[in-house]
Amino acid sequence: MQVALPVILCSLTCLLLVVTHFIPHEFSKVVLAEVKDNWYKLIKVAGFGFAIFSVLRTHIRRLQAQGTDWQYSVVALVCFLVFPMTYLIDNILENRALFVTTTYSSSLDTGMLSNKDKVKIENTDGKTYSGQIVKLDSKKRQISVKLSLTGSQIKSSGLKSGTQSFRLLKNDVVVLEKEPMKVENKNLFFQGAGRSISIKGDGKSTEWVYNTIVSPLDTTMFALVAFYICSAAYRSFRVRNFEAGVLLFTGLVVILVNAPLTNLVWNGIFTAKKTASQQFFVQDALINLKDWLLAVPGGSAGRGILIGGALGLITQSLRVMFGIERSWLG
Amino acid sequence: MKFYNPKRLVLFTAHTVLSVLIALLAVGQTASVTPKPVKEPTQMSTVQQGQTLADLAELYFGDRRSYKKFLAYNNIADINTLKPGDRLQVPIGKEESRSDRVGKETEQQVKSAFQEKEEVSQQVKSAFQEQKSIPAQPAPEEQIDSPELSPPVEVKAIDVPNDGLNKAGKGSIKVSWSQPDDTEGIIGYEIWRQGEGDFKKLKKVSAKTQVFTDKTALGGQSYVYQIASVGADGISPARSESSKLVSAKGNWFDLDKRYVLITLIIFSIITLYYMDLGMSGKDMFIRRLPALDRIEEVVGRAAEMGRPAMFVAGNDTPDSGSTMAAFAVFESVANYSVVTQTEVVVPVQVPLVDVVLRSSLRNIFTLAGRPDLFNEDEVSYEVDNQPAYIGIIGDSMERHSPASIFYFGDFTYESMVYAEMGNNIGAVQVAGCENPKQTAFFIVGCDYCLIGEELFAAGAYLKRDVIQMATLLAQDRIKILAFLVMLLGIGIAIFQPDSSNFVLDLLKF
């Protein structure tokens, strides 16, 4: 049962996904969204949970063992804690909002107002701020509006905590004439505002860590490819037999044409020719040869591999769907 | 791995010779532009310095984007290499009359401008003579001529086939119409729609458009459409008759994918047939795959040298085909390593892959009767960031100095780095990758490399399971079938290029 159940589930899911591929009806979109957005994400999150546990365990064990290069495990663990902390700090700082609260008189007709209504408040200078009613208490005759300003916008808005005079507008119609209203700068993160919190990955400290540490390291690693390609080319282009000779010739042509200097020299030697065939065979000879090498022998081989790969993939998928291939079970 | 194969060499030579002949034939055409034989009346136009096909398209067809229309009248080797002096065949007809009209209008404007200039100079002369001031030229009154426009005809609206409603419950309706006989003065058309309530304008399109897809039709709601001709003044008095009632709905089968379905069914039948043969005890002979035959030997080398083996499972998630193939190969590598009591180092980049490989290794040790030898740390999730992972692989290679390394799964630029780093520490390397570009890097850098479908066949081949071997046999038969269909398609495309048939449709899917 331990094996049969996942295999049956997998086969049914495969079948469902194959069937939905041929059904353009909205039903198939719902199914696909369910599988991709919910099932897959759920499995992925679980995978990340296991991965975090695995990383922590590996490095803590290395620390305990005090083996070779155990210091790197310290660095890894520090990074492991610091990077999430930057996210946390950013989210604490960014998840702030301005709340404007006022008490209205009994004569106000609140029939036209309701919770979650989009409203605006206007200060004495005529500057308006958009917001949303988050609380409408008819017993206490209190209205609370959350302004649509994010962490950095709050500073630039010029609004400060305290009591100020505003008027409240809905659909540009004045609902409340100028009244003293209380402005509060609240942190949603600690207030447990729950759904109001938006997780941001581009806060200042996260951005700093990324731009100053992660990005340069990534770029350095990517730049190393150039050196490895050079050393691989040196090994591969040694003429040991006929095939290696062909490879050397092909590689040389492609490298030469792609180097700007070659075109400069070549065009300097062979200036514009009279006829099209002269131009094809002399002036553009190298470029044409490179294009042909890439498009005809290279393209044919590439297509052959792709077609073979596609057929192999189909057969493998059928094996998984039929439940014969079970390596994915672990 | 043996690269030399006489049959392949013959095929390669034949292909090369054929390609050279085709290239020579192409070169043999000295002129880059030659007129095509067409039935309608045409004239020749010489390309001027600085003129592009788009400029000419604007001149002759009134739209810069219609430059491909020249291909219907001319053999143009490369539209990017048009030179001054090339002579293009251009149509005389509706489009030409437009260019003529534009030309005539321009000529008239130039003439009247000259006349006006002449008059002004005359007045200046007489003013100097008579010492009088020059009378101001009255601005000519703009006269907008709104001719009677004819409405479009044959307005048809159909629910777009092979589609479904979107998340907002909206679908697509395709509206088509024919131009009226008299298109004089029409500069565009407006699409009007009536659902619940009055007709509402949806969009204005150019005079050349005759099809519009309304993607905002509510599912189940019935609509009628009318098309209005729009004149230069922007007024659209002439509206067509209404189309028939139509509503957008989701379809239950995508007819465009019918050939995919047929192919899948055929593949499944062939696979099932061979599986049945395999289960009935028939001998399943499949061709040898040298790279896979060496796996046992490569792991054995690590055992002999007393160094570990390393397995890198690529950078993709378990739902990708190549990662799934990597799982199968890992099983075999791990099996051999358990038998030879060799340590396997498995640094992993993707969390879910870590879970699968760890579980796989644990099961293999358990099945081998040595669960006590299983070391959790042999499989370790490292990092999801690709460059950082490359660094970790390099570090692992230096730290563990593996005698044999296996790269199976999906790889990008890191393939070259891995292969070179492995080569630097003197490890024997075996690789398998679906991506042709990375396969090339692995061929260069590794000792053994699986190409194309060999990666997907690896698991079945290594396990020597009869049913899985049967699917490989089926795969080979399918490949032969696909090859024959392609040959047939090539034949049809060469000898009957205009024909539309099942084989060509199948190959185009």
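1. Start with chain B of this predicted model. Here 6 strands line up as an open sheet, and reading across it gives the order β15-β14-β13-β16-β17-β18. The pairing in this sheet is parallel. At the edges sit β15 (379-381) and β18 (448-450) of chain B, each of which pairs on one side only. Going from one strand to the next, the twist averages 15 degrees.

2. For a closer look inside that sheet, pick β13 (residues 309-312) and β14 (residues 344-348) of chain B. These two strands pair in the parallel sense over 2 bridges. If you want a residue pair to find on screen, try M310(B), whose bridge partner in β14(B) is V345(B).

3. Next, the helices around the chain B sheet. Helix α8 (residues 351-367) of chain B lies across β14 and β15 of that chain, and runs at about 165 degrees to β15(B). Helix α12 (residues 454-463) of chain B also packs on the sheet, where it touches β16 (404-409), β17 (428-433) and β18. The direction of α12(B) makes about 110 degrees with that of β17(B).

4. Now over to chain A and its strand β4 (residues 142-147). Which of its side chains are buried? Those of I143(A), V145(A) and L147(A), which point to one face. Q142(A), S144(A) and K146(A) point to the other face and are not buried. That fits the general pattern: in a regular strand, side chains alternate between the two faces of the sheet.

5. Strand β4(A) has two partners worth checking. With β1 (residues 96-103) of chain A, β4(A) pairs in the antiparallel sense over 5 bridges; F99(A) has K146(A) as its bridge partner there. With β3 (residues 128-137) of chain A, the pairing is again antiparallel, over 6 bridges, and L136(A) stands opposite I143(A).

6. Do look at the turn as well. The hairpin of β3(A) and β4(A) has 4 residues between the strands, and R141(A) takes a positive phi near 55 degrees in this hairpin.

7. Finally, how do the chains meet? In total, 57 residues of chain A are in contact with 70 residues of chain B. On the chain A side, α2 (26-65), α6 (204-236), α9 (276-283) and α10 (285-321) each supply at least two residues. The largest share, 19 residues, comes from α10(A). By type, the chain A residues that touch chain B split into 30 nonpolar, 19 polar and 8 charged.

Terms used: Residues are numbered from 1 along each chain as its sequence is written. Chains are lettered from A and ligands numbered from 1 in the order in which they are written. This is a predicted model: local features need pLDDT of at least 70, side-chain atom pairs count only at pLDDT 80 or more; totals for chains, interfaces and linings use all residues. Two strands pair if DSSP finds at least two bridges between them. Axes are lines fitted to C-alpha atoms, for helices over the stretch in contact, and angles run from 0 to 180 degrees between N-to-C directions. Two residues are in contact if their C-beta atoms, placed from the backbone, lie within 7 Å. Ala, Val, Leu, Ile, Met, Phe, Trp, Tyr, Cys and Pro count as nonpolar, Asp, Glu, Lys and Arg as charged, and the others, Gly among them, as polar. A residue is buried if 20 or more other C-beta atoms lie within 10 Å of its own, exposed if 12 or fewer, and partly exposed in between; C-beta atoms are placed from the backbone.
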